[in-house]
Amino acid sequence: CFLCSAGKHVCPPAYGERWGNSEYDTSQRTTAPTTKPTNFSTEPTSSSSKHCETLKCFNVNTSCSNFINIHLAASNKVCTLLVDTGADISLLKSSIISQTELVNKTETCEITGITEQKLQTIGTISTDIICPDSVLINQKFQLIPDEFPIPTDGILGRDFLTKFRCNINYDSWILTAFYDTIEIEFTIQDNLGGHFVIPPRCEVLRIIDSGLLHGNYYMDSAEILPGVFCAKAVVNTRNHLIRIINTTSELIKINKTFDRTYEPLENFDIFTFNKIETLNRQERLLTELKLDGVPNEAKQSLTSLCTKFSDIFALQDDSLTCNNFYKQEILLNDQTPVYSKNYRIPEVHRKEINEHVEKLLDDNIIRPSVSPYNSPILLVPKKSNEGTKKNWRLVVDFRRLNKNIIADKFPLPRIDDILDQLGRAKYFTTLDLMSGFHQIELNDSSKKYTAFSTSKGHFEFNRLPFGLNISPNSFQRMMTIALSGLPPECAFLYIDDIIIIGCSIKHHVFNLEKVFQKLREFNLKLNPSKCTFFRSDVTYLGHHISSEGIQPDKSKFSAILNYPEPKSTDDVRRFTAFCNYYRRFIPYFAETTAPLNALLRKNVKFEWNEKCKNAFEYLKQKLLSPTILKFPNFHEKFILSTDASKIACGAVLSQLHGDIELPVAYASKTFTKGESNKSTIEQELTAIHWAINYFRPYLYGRRFTVKTDHRPLVYLFSMQNPNSKLTRMRLDLEEFTFDVEHISGKENVGADALSRIIVDSEELKNLSVLPIQTRSMTRQYNNQHGNDIQTNSSANETDHLKAFESVNNIGAFNMPKVLIEIDKHAVYIRILTKTLKRILAQERLFYKSDKLNIQKCLQTLDEMAAKINIKSLAMKNDDKIFNMIPRQSFKDACNEILKNLTIVIYQPAQVITDKEIIQKIISENHDTPTGGHIGTSRLFNRLRSKYYWHNMKNTIKMFTKLCVKCSQNKHKPKTNETFVNTTTPTKSFDLISIDTIGPLAKSRNGNRYALTIQCDLSKYVIAIPIPDKQANTLARALVENCILVYGCPNTIKSDMGTEYKNEIFENVCKLLAVEQRFSTAYHPETVGSLERNHRCLNEYLRSFINENQDDWDSWLNYYSFCYNTTPHTDHSYSPFELVFGKLANIPSQFSNVSAVDPVYNHESYLCELKYKMQQASTKAKTFLEKTKSVRIQKNTPKSNPIEVSIGNQVWLKKEKRRKLDPVYSGPYEIVQIIHPNVKIKNIINQDEQIVHKNRI
């Protein structure tokens, strides 16, 4: 129990709750159950505490058809169990166990899920499951009566599956259990002794073998057994799924070969049934359309029109089609393939990416590709409401490709011309195309340029993708062609925004129908959820349009219009500072602001009177007046100025009128809690990203300038770091064309003020407006929250400091040093190397004892540094000059005087001599959770900024080297021993290598593995399909397919798999007088030639197997023949020739009738064959030895051998481990060296094993 610590029960989470952690056995509990049992009951037990209850009822399920055969020690035979992932516990029929086994009849429970009533168990038994290689794993079973309604000997439930971390692979039909580091495989059967098991009152799909060789057949429905029916189906050699229904109340077993009749499909007339459910589609369409604001008198006409043209709307489950008249071609300046490496994708995003790719494949928007081009992908979050699931958009980074694409010069329409035409209308409808760019098909020759790759493969776009710089103009061309012929008083188009106007309801419906006809004609689809109909006013292209005319979008000015009334002197100061930026455009600015400026004087009490209020409202009105807020001129370039503070961001959209920059619109936005915690550069980029999208109607499709006072952003848009956190927002702006320009903070007053609006009262929150925080207040805030650099807070502070104090001393340690020493009459200024061992420059200045001219000292230092081309110097914070001048005064003087030099004032390291203190310091910074067991270099860099002691780096190196945690959990440089030249056999099949491939997909013949055998001399290969890899199966396959055909080998090499290292295989080898050699664990290079052959086999099978991958075993003999009749690269003979003494006749030679074979008698043939085979074997052996020597020479420069001796302690790499398991186990002691292997002994339990040096 997890609450009271008593055994055999679980406490409920709260008093009165009947269900808690419903684990079957808390002593074996590994993970909490993921689902609540269907039925349960609990009864109090006297042995438990008062608040605890004993779980007595569990749920089981027999509707699955997964069976495994396991050997139970309690029954001393192989039992068939049903694998049930929905069963809480494991069950066993009582007759299965032997009478000598002990049963705990006091530990019983009730079971539900089988019948309507609860069933009582007899008791529990704990028994061993005997696995291959005599591995024993213990499992507890509940005993049930024999009449329990299941067709097997018992049920293997979720208690077993969670305890041993089981995986079920339905491709190979293998259940894998993990016991310590041992991996145990059980073969799953989908039938029970050749029978299908159909649960009562269930309908199931089952795979049958039709026995048909080719073609398609019709199978009629039939009653298999009383109450059991199979449905009619069309079957072929690849698809044998049939539907079977059991209408009875009993579990039924059906023979897999039940009688059924087939008739060729050619005997039937085939009709295509493609009826569109019009009524259902129209109902769904009307639910997705936004018809709330449509006038009542227009609803009927509009509804009829939309249902008539329902095919032009793309509903949620529709596949997106493309237009039928226009294809886009991508033209490049240079045909050199543009290939960019993929970005690293977080694991949590892989599923989302795969779902996007599957959807794009289903809609035929992308297809598999073999293109040499590649652009990386990213996931970008979409806007979503709070509380809803986070949505993502798949983005392809086409930046490098865009640089090589010839620009599309198709002109975008003039927005002002469109707006002039809209003002005369009474009704407005806006239409939005569904994924507009994806409705344009790419030219076949252009698709390869758009290639991208994921973990699922390489793909290219069939349609025009988002992110290409030609996409907006191409889409505009397509839409212009599609809607050409419509009169100006009907509709207007700007990229994917269509606006339809009308002077009356009838006129508007008439215009809508014209547009709908055009869309249907050219197969263009609308997004119903984003279309608005019959609006009396609408916001379009950044303007508010109504029957009264065109007005600027008022939401752009809400930040100024709703500016709160000042409540303090600071509020007034912020407001006047903002207004002062535009004072040249406000008449009588000085007189108007006089009442406000009066409140800013010293020792004046804040009193907000009528004069102040009038001045405040007048200034707001003037800020919104046409003299400042100009209508946009779309012939001129736009300028977007942005800025961000800790709490908000602001933007001003403006244009040049003459030489004066005048604003078009203002905007500001408060940051979310997460955004306010981001770094400065992320906040500044967020401001740009938000502002560009906010002013999208003005900026999209046109070149504009972005002005920012954050200089790093100027370089961001050309940086090549794909791992940057800023990449996603940067990619989201790829469809816009703009330049980034840096301006000083003093010039960015408008956006700066808007970015520092904060909410500090409930009144302001209700108004949805924010007061302004000045830049100096932000500096003060940053200083209070721990800036690394202490800045000068004076009003005339410079942007770049010439002297500052550094918190991190590592940078200062690597700089040249400056020492300023003072005696009674002179100042000595010395510039030294970073180690203080050599003087680079020095000067002596005289002064009077009562006055030290610090300005002259700093001027001299600046000149000295310039002469030796030094721009940065480090200075100790305990330098003697600070005894005569305060540190802050020194910094102020530096900031004023220095021109070419920067001085970093640092804290010198503390000198430590006590060895115990040294060990304690290292331990605290390495062993603790905050130390994190960092490596030598990082630990040295962390400590050297604070401490110093003799031989510091070596001391730290020895400490980390002896750290047990580091030795166990950190990856080390891989050991790579040089190759060993092994003995080469002299005759074929003297020495063979064997290995097992699998598990593969279960074949039609029930095979899951392949046994591969290779002769080490001739390289002759034998591949044998087998259903499992048990010892008796492998031994039989080896004897019948190799030894009885090619003779008995002297030696067999294999890995240390349990299928080879067991008593059965050992007895077979002993009986046949065959020596058995094993490779060391996890060192497949011992049978490297055969492992390399597996790669060839896999490549061969991929080329020929069917889509279900269930015929791979039928291709093994073909592969063996192909491989054995091809000359081998190691000895230039074909393996067939070295084994049989002649070249094999292959199909291409059968037609060569002109070839004449030599004529032999028996004696001469035997003599010549013997000579040829001896010669061939000798040459093959010589070639093999030469090839081995060449491989050893090539590998030697790449090797990284480890030198060890007996008695050394080493760590052993754990090859099979979970993600967070230690990387190494140990320590071990070396007891014997058998190059390239070593025998090691576990220091704790004294176990010995032989391992390859590459693993230590």
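Visitor: Where does leucine 241 lie?
Guide: In this predicted model, leucine 241 belongs to strand S21, which covers residues 241-246.

Visitor: Is that leucine buried, partly exposed or exposed, and why?
Guide: Leucine 241 counts as partly exposed because its relative accessibility is 40%.

Visitor: Which surface patch does Leu241 help to make?
Guide: Together with Leu205 and Ile207, Leu241 makes a nonpolar surface patch of about 280 Å².

Visitor: Turning to the interior, which residues touch the most other members of the largest nonpolar core?
Guide: They are Phe516, Phe533, Phe534 and Ile692, within a core of 100 residues. Helix H8, residues 505-521, supplies the largest share of this core, with six residues.

Visitor: What is phenylalanine 516 in contact with, leaving aside neighbours within four places in sequence?
Guide: Its contacts are Leu305, Cys306, Phe309, Ile312, Phe313, Leu431, Leu526 and Phe533.

Visitor: Which residues does the second core include?
Guide: Ala803, Ala841, Leu901 and Ile905 are among the 29 residues of that separate core.

Visitor: A change of topic: what pLDDT does the protein average?
Guide: The average is 76, and 77% of the residues score at least 70.

Visitor: Where is confidence lowest, and where is it highest?
Guide: The lowest confidence is in strand S1, residues 42-43, with a mean of 32, while the highest is in strand S31, residues 457-461, at 93.

Visitor: Over which residues does pLDDT stay under 50?
Guide: One such stretch is residues 757-799, for which the model has 74 contacts beyond four places in sequence. Another is residues 1149-1154, with two contacts beyond four places in sequence.

Conventions:
Residues numbered from 1 in each chain as written. Predicted model: local features only at pLDDT ≥ 70, side-chain atom pairs only at ≥ 80, totals over all residues. Heavy atoms only, no water. Patch = residues over 30% accessible without salt bridge, like charges linked within 9 Å, V, L, I, M, F, W, Y side chains within 5 Å. Areas by Shrake-Rupley, 256 points an atom, 1.4 Å probe, with all protein chains shown as cover. Salt bridge = Lys/Arg side-chain N within 4 Å of Asp/Glu carboxyl O. Helix = DSSP H or I, 4+ residues; strand = E, 2+ residues; numbered from the N terminus. Buried < 20%, exposed > 50% of the residue type's maximum accessible area, 1.4 Å probe, protein only. Core = buried A, V, L, I, M, F, W, Y, C linked by side-chain atoms within 4.5 Å. Contact = heavy atoms within 4.5 Å. pLDDT = per-residue confidence, 0-100.
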